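The exercises below deal with helix packing, burial and backbone angles in one protein chain. Work each task on the structure before reading its solution.

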Amino acid sequence: MKIEVDKGSGFCFGVVEAIRRAEEWLEQDKQLFCLGDIVHNNSEVERLRKKGLTTISHEQFFTMSNTTVLLRAHGEPPEIYKYAQANNIKLIDATCPVVLKLQKRILKSYESGFKDNTQLVIYGKKGHAEVNGLVGQTKGDALVVEGIEDLEQLDFTRPIVLYSQTTKGLEGLHHLTEELKNRTTKVPVKIHDTICRQVVNRIPGIKKFAVRFDLVLFVSGKKSSNGKMLFDICSSVNPNTKFISELNEIDPNWFQNIASVGICGATSTPKQLLEEVASHLTQIQSGQNV
Ligand code: SF4
């Protein structure tokens, strides 16, 4: 069985930088808190936990003081910064520059939109950390739509300005744009494609990769938005694509009569994990107990 790891998969620069900042701090101090999992990947969270990085929830954060907390690449709403300042919490802000720029654009739009009663809309996943950070720029006023079914909550007599979560898919955004334009003929509608190119640029490569194999193992954390989107892309070109998060989810029976396996993943999947999946398959192939 031929086994190949996709060279284009692995962490994006936003995640690489957040991990670098965490490790840099942990070299001088044995303890650092991270607000939410640093990356949607259990093995990486566990690796960093052993070095001293403790994941805390938002509820826990709001009970803390006099400590140091890392903000991951997804970004956070303004109340996190305010609370930190009032409670002597040093923040190591690893918000990805792409997300930071989007937060600033949304804040500016929100502030200038009062003049003509513009509705600010975010195309994204409700409750996702990045989306919460974006909605926070608008004091909670932005409407979050996950798809066409959510458009009912909009007032089509008022101007609309829409931004997308950085990890949404282009196709979904195009559908939504068409639908919005069909429904609004009398008011201005501004659509901002703010999808991160680190994700979008992987699509052609991952399609070409996935189509070459009898079976594809797509490795990603279950909470990763871009993982879900890239998995759907792989499945669309190769229906024999399996989604896994951990080695123990691999079923050796999948590989009967399979001559080639491709291994790829999300922007939050470590290259190391993809390599481990490849070695695991080699062991399965050689009949070792795994
Ligand atoms: S996917 Fe893009 S926006 Fe998100 S962390 Fe990576 S580089 Fe930043």
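**Exercise 1. Two asparagines in loops**

Task: Decide whether Asn117 is buried or exposed, then find which loop holds Asn117 and do likewise for Asn66.

Solution. The model is a predicted one.

Step 1. Count the neighbours of Asn117: 11 other C-beta atoms lie within 10 Å. A residue is exposed if that count is 12 or fewer, so Asn117 is exposed.

Step 2. Locate Asn117: the residue sits in the loop between α5 (97-113) and β6 (119-123). Its phi is positive, about 60°, although Asn117 is not a glycine.

Step 3. Repeat for Asn66. With 8 other C-beta atoms within 10 Å, Asn66 is exposed. Its loop runs between α3 (58-61) and β4 (67-71). Asn66 is not a glycine either, yet has a positive phi of about 50°.

**Exercise 2. The buried face of α9**

Task: Determine which residues of α9 are buried and how they are arranged around the helix axis.

Solution.

Step 1. List the buried residues of α9: Arg202, Ile206, Phe209 and Ala210.

Step 2. Look down the axis of α9. The buried residues fall within an arc of 90°, so they line one face of the helix.

Step 3. Recall the helical repeat. An α-helix has 3.6 residues a turn, so residues three or four places apart point the same way.

Step 4. Turn to the face directed away from the buried side of α9, which carries the exposed residues Pro204 and Lys208.

Step 5. Find the packing partners of the buried residues in α9. They are α8 (197-200), β10 (215-219), α10, β11 (241-244) and β12 (260-265).

**Exercise 3. Phe209 as one case**

Task: State how many other C-beta atoms lie within 10 Å of Phe209, and which residues Phe209 contacts beyond its neighbours within four places in sequence.

Solution.

Step 1. Place the residue: Phe209 belongs to helix α9.

Step 2. Count 23 other C-beta atoms within 10 Å of Phe209. The threshold for burial is 20 or more, so Phe209 is buried.

Step 3. Set aside the neighbours within four places in sequence. Phe209 is then in contact with Asp6, Gly262 and Cys264.

Step 4. Take a pair for a distance check. Phe209 and Ala94 are 115 residues apart in sequence, and their C-alpha atoms are 31 Å apart in space.

**Exercise 4. Packing of α9 on α10**

Task: Describe the geometry of the packing between α9 and α10, then say which residues meet.

Solution.

Step 1. Take the axes of helix α9 (residues 202-210) and helix α10 (residues 225-237). They are 9 Å apart, and the helices pack at an angle of about 40°.

Step 2. Classify the angle. The two helices are therefore oblique to each other. The crossing of α9 past α10 is right-handed.

Step 3. List the residues that meet. From α9 come Arg202, Ile203, Ile206, Lys207 and Ala210, and from α10 come Leu230, Ile233, Cys234 and Val237. By class, this contact has 7 nonpolar, no polar and 2 charged residues.

Step 4. Examine Leu230 of α10. Leu230 counts as buried, with 27 C-beta neighbours inside 10 Å. Not counting residues up to four places away in sequence, Leu230 touches Arg202, Ile206 and Ala266.

Step 5. Examine Val237, also in α10. Val237 has 15 other C-beta atoms within 10 Å and is partly exposed. Beyond residues up to four places away in sequence, Val237 touches Lys207, Ala210 and Val211. The C-alpha atoms of Val237 and Arg212 are 9.6 Å from each other, with their positions 25 residues apart along the chain.

Step 6. Add Lys228, another residue of α10. Lys228 counts as partly exposed, with 18 C-beta neighbours inside 10 Å. Its C-alpha atom is separated by 9.0 Å from that of Phe243, 15 residues apart along the chain.

**Exercise 5. Packing of α5 on α6**

Task: Find at what angle the axes of α5 and α6 cross, and which residues make the contact.

Solution.

Step 1. Compare the axes of α5 and helix α6 (residues 129-136). They come within 8 Å and cross at roughly 30°. The crossing is right-handed.

Step 2. Name the contact residues: Val99, Leu102, Gln103 and Ile106 of α5, with Glu130, Gly133 and Leu134 of α6.

Step 3. Sort them by class. The contact has 4 nonpolar, 2 polar and 1 charged residues.

Definitions and conventions: Residues numbered from 1 in each chain as written. Predicted model: local features only at pLDDT ≥ 70, side-chain atom pairs only at ≥ 80, totals over all residues. Axes fitted to C-alpha atoms, helices over the stretch in contact; angles between N-to-C directions. Helix = DSSP H or I, 4+ residues; strand = E, 2+ residues; numbered from the N terminus. Parallel < 35°, antiparallel > 145°, perpendicular 65-115°, else oblique. Left-handed = near helix turned anticlockwise from the far one by under 90°. Contact = placed C-beta atoms within 7 Å. Nonpolar A, V, L, I, M, F, W, Y, C, P; charged D, E, K, R; others polar. Arc of directions from axis to C-beta.
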